[in-house]
Each structure stands twice: as structure tokens, then as C-alpha cells.
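Subject: Structure handover

Dear colleague,

Here is the structure you are taking over. My notes on it follow below.

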Amino acid sequence: MNTTDLKQEILRRSGGDPRRGMACGKCSAACPSYDAMEFHPHQFVRMVNDGNLLPLLQSDSLYKCLSCMACAERCPRGVEPFRLIEAVRLCAVREQGQNHLTPNDIPALLDPDLPQQAIVSAFRKFTK
Amino acid sequence: MKVTYFPGCTLKTKATELDLYARRCAEALGVTLEEAEDWQCCGGVFTASRDEIATKLSSVRVLQTAFEKDQPLVTVCSACHNVVKQTNHALQTDSAFAEAVNRYMQNPVPYVGQTRVLHYLELLRDEIGFDAIRDKVTDALKGRRIAAYYGCLLLRPSGVMRMDDPENPRIMEDLLTAMGATPVLWAQRNECCGGYIAMEDRALALSESEAILKNAAAAGADTVVTACPLCRYNLQKVAGNVKVVYLTELLAEALGIKEEPQ
Ligand code: SF4
């Protein structure tokens, strides 16, 4: 799929509209994972809008988003960056062999108090 | 009053106190939580992508169970609540999604989000009423300074959750007051604890949770209260002297129906 088609597909799946973004940075200011991200939420919005998808698809930033929705709640323009991040992440992990987390990784990550909820959530976000 | 109840997987395993006291307190307040039959795990987080259908079906099933019983659906875990409520909203607003779901489920009566989804807090506020709770509590929580922790999932996305003001909520503070405790005012009550990132980047989760706990402690809280097992897990790692407890445990304590630890 070429990047123009992929961009359209990402927009369709996410329901988000990066054209409304004005790079004010409120999403990035609200983002608790800001420091851990190579591409911050406002940059993510701009890059999706520009069809500059390849660096995003390969970036670890996809797996630093907490789906906390603070970026969307505080956006004055209704952009909802987390939806775009999710749609790009799904494109990445839906590729064959590209699961970010596999069942084999789990035993090493467990601790006795860890709630089931953490495991199913991480799987839902990082794996297809 | 009888309602359909969706406990979710974590309340059956690591968070049994959250479940046990949800039932007991509801009973003490005149509401029976009827556990839905054959429910399945909600998946823990909502997948916002519109083309994700299979991952939302477990929520659809439990919504439908409540619809068939003509009862509201009550959840306690913040994460279950968020997933089930967002799924219900998607059925109401996204006709392509609703069509795919109903075709797959072969529903005789189309399910398009008719069920009313209530979080336990909403059950307490809107159905039972905080005044009725005030009338029933002991003075067990008197003098306790408690920080209400909302996190992300109870409030956002606010257009869907519609529980309270997403930036200045009061439902838990009002409940704490009704329970005889003193709610503290603090800034970080709707910031994210790190959630599922604890699985693979523990340091990141710890730093998110630390900022939250520090803020609660600086506001003079002796206890932080939450409705979410994952929030509790993350916050407890950095809690120090501050107690992190479940909403329903605290309510049971206020109502005088909490068992003493052995
Ligand atoms: S949803 Fe993701 S991008 Fe948005 S504020 Fe939360 S962590 Fe940051």
C-alpha cells in the first residue's frame, strides 16, 4: 500500500482528523509519556497529516502511549491524537510477525501482584 | 432494586476485595448485584480503531444480557467500565459497527446500545443517593484525610463517559464527604498511573505513579482511594506510608460491614 492510501486508511480507522491540528502542543504538554517518546503527540499529528508515516511505523513511541486520552481531552481543536497513534500502531502490529509482545515474553514480566488486567491490556495494545 | 453486574476478570482473582465489598455494600444499601451469566473478559482496554470488531464482542454480549433482563448494567472496575461504555457508545453512534455486530450475533432484536451503563459510583450517586449513604454510615472514617484518585478511565473520553467534569470532578469527593471522611484537594487526581506500561517499562510506570503519590501526600492524604486494580497495583509500588485502598473497601468500612483482617 502506498503512503497516500495508508494515510487515508489510518484516518478512516481512527476517525481522527489531523488537519484540524494547529501544533499548539497542548496534547504534548498533557502527555505523561512525553519524555519517553521520540515523536511527541503534536508531532505525531503533523506527521500523519503530512503522510510521513514510515518513521512513525518504526518508532518505539507507538508503545509508550498509555491510552490515557489526556491529549484528546485537552485538545482545543478536537483532534484526539491517541486515535491516530492507535491506528498507526495497529498497522505496525498487524503485519505478520510484528507482534510487539508475545506469550513467550510474559513469564519474565510477571510479578505476583500483577493484575490480569495489565496482561490482557498490554496484549490488546501490542499484539494482534 | 436489581441490576445486572459485570465484575470482570481481575475482580475474580487479584482484586477479590473490590468485588466482595461491592456486593455487600450494595446489598446493605438495598441494591442486588445480579452477576451476568457467562460473561467474558472485556479485554482491559478499548481499541479505538473502528475496524476492530471481534475485540469488542465480549462487551456487546454483556450489554445484551442486561438488555434482555431490562436492567441497567453495573461495573466496578474503571477499566471494564470504560471498555463497556465506549462499546455501547460505538453501537449507538457508528452504524457500520452496529450493523457488523448485529449481523454476526444474528440478533432477533437489533442491539444498538439500549442498555444504561452505570459505574458503581453512579449507582451510589444517581440511584441510591449520597444522602441515603450519609444516613447509614458509622463514624469509622471520621478524621481520615482521603485523596480520591480518578485516573483516566472513569472520566475520559468525557463526551462518552459523562460521569463528571473531566478536569474538575467531584463525585468521589462528595461520596467521601457522605461517608464521613475528609476529602483532600489535589492536582494529580486525574493523571495516568502508567496503566499497562507497567508490563514492559516498569520504570516509566513507577515515575508516573510516583508523581501522583507525592502530590497526594503533599496535600496531606493518609489514604488514596481508587476503583481500578491496575491503578492500585501501580500506586502501591510507591505508596510509602500512604494507604491505597479500593473504593468499595472504604465504603464497607464506613458502613461498618468490613471484616477485620485476621
Ligand atoms: S493517550 Fe498516549 S499520547 Fe495521549 S496523552 Fe496519553 S500517553 Fe500521551
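Ring pairs join Y63(A), F126(A) and Y196(B) into a cluster. Please keep in mind that the model is a predicted one. Over all chains, the structure holds 5 aromatic pairs. One of them is formed by F6(B) and W39(B): the ring centres are 5.4 Å apart and the planes stand at 90°, so this pair is edge-to-face. The two residues come from distant parts of the chain, 33 residues apart. F6(B) belongs to strand 1 (residues 2-6) of chain B, while W39(B) sits in the loop between strand 2 (32-35) and helix 2 (57-69). F6(B) has a relative accessible area of 1%, which is under the 20% cut-off, so F6(B) is buried.

Chain B

Chain B contains 11 helices and 8 strands. Its radius of gyration is 18 Å, close to the 18 Å that the globule rule gives for 262 residues, so chain B is as compact as a globular protein of that length. Along the principal axes, the C-alpha atoms of chain B fill a box of roughly 55 × 45 × 35 Å.

Of the 262 residues in chain B, 60% count as buried. The chain exposes about 10,300 Å², and carbon and sulfur atoms supply 48% of that area. If we take the contacts in chain B between residues at least 6 apart in sequence, 73% of them join residues at least 24 apart. Chain B carries 28 positive and 34 negative side chains, with the centres of the two sets 2 Å apart.

Two places in chain B

The first place is helix 11 (residues 247-255) of chain B, which is mostly covered, with 8 of its 9 residues buried. The buried residues are L247(B), T248(B), E249(B), L250(B), L251(B), A252(B), A254(B) and L255(B). Just after helix 11, G256(B) takes a positive phi of about 75°.

The second place is R145(B), in strand 5 (residues 145-148) of chain B. Is R145(B) buried or partly exposed? Its relative accessibility is 34%, so R145(B) counts as partly exposed. Which residues does R145(B) contact, leaving aside its neighbours within four places in sequence? They are T182(B), V184(B), A219(B), G220(B), A221(B), D222(B) and T223(B). From R145(B) to I257(B) the separation is 112 residues in sequence and 20 Å in space, C-alpha to C-alpha.

Chain A

Chain A has 8 helices and 0 strands. Along the sequence, the pattern is α-α-α-α-α-α-α-α. A compact globule of 128 residues would have a radius of gyration near 14 Å, and the 15 Å of chain A agrees with this. The C-alpha atoms of chain A fill a box of roughly 45 × 35 × 20 Å, taken along the principal axes.

Buried residues account for 53% of the 128 residues in chain A. About 6,000 Å² of chain A is exposed, with 47% of it supplied by carbon and sulfur atoms. Among the contacts in chain A between residues at least 6 apart in sequence, 65% join residues at least 24 apart. Chain A has 16 positive and 14 negative side chains, and the centres of the two sets lie 8 Å apart.

Regards

Definitions and conventions: Residues are numbered from 1 along each chain as its sequence is written. Chains are lettered from A and ligands numbered from 1 in the order in which they are written. This is a predicted model: local features need pLDDT of at least 70, side-chain atom pairs count only at pLDDT 80 or more; totals for chains, interfaces and linings use all residues. Side-chain values use heavy atoms; hydrogens and water are left out. Helices (H or I, at least four residues) and strands (E, at least two) are DSSP runs, numbered from the N terminus. The radius of gyration is taken over C-alpha atoms; the globule rule is 2.2 Å times the number of residues to the power 0.38. Buried means under 20% relative accessible area, exposed over 50%, partly exposed in between (1.4 Å probe, protein chains only). Contact means heavy atoms within 4.5 Å. Accessible areas come from the Shrake-Rupley method with a 1.4 Å probe; for residues, only the protein chains shown count as cover. Lys and Arg count as positive and Asp and Glu as negative; His and the chain ends are not counted. The place of a charge is taken as NZ of Lys, CZ of Arg, CG of Asp or CD of Glu. Rings of Phe, Tyr and Trp (its six-membered ring) pair if their centres lie within 6.5 Å; planes under 30 degrees apart count as stacked, over 60 as edge-to-face and the rest as tilted.
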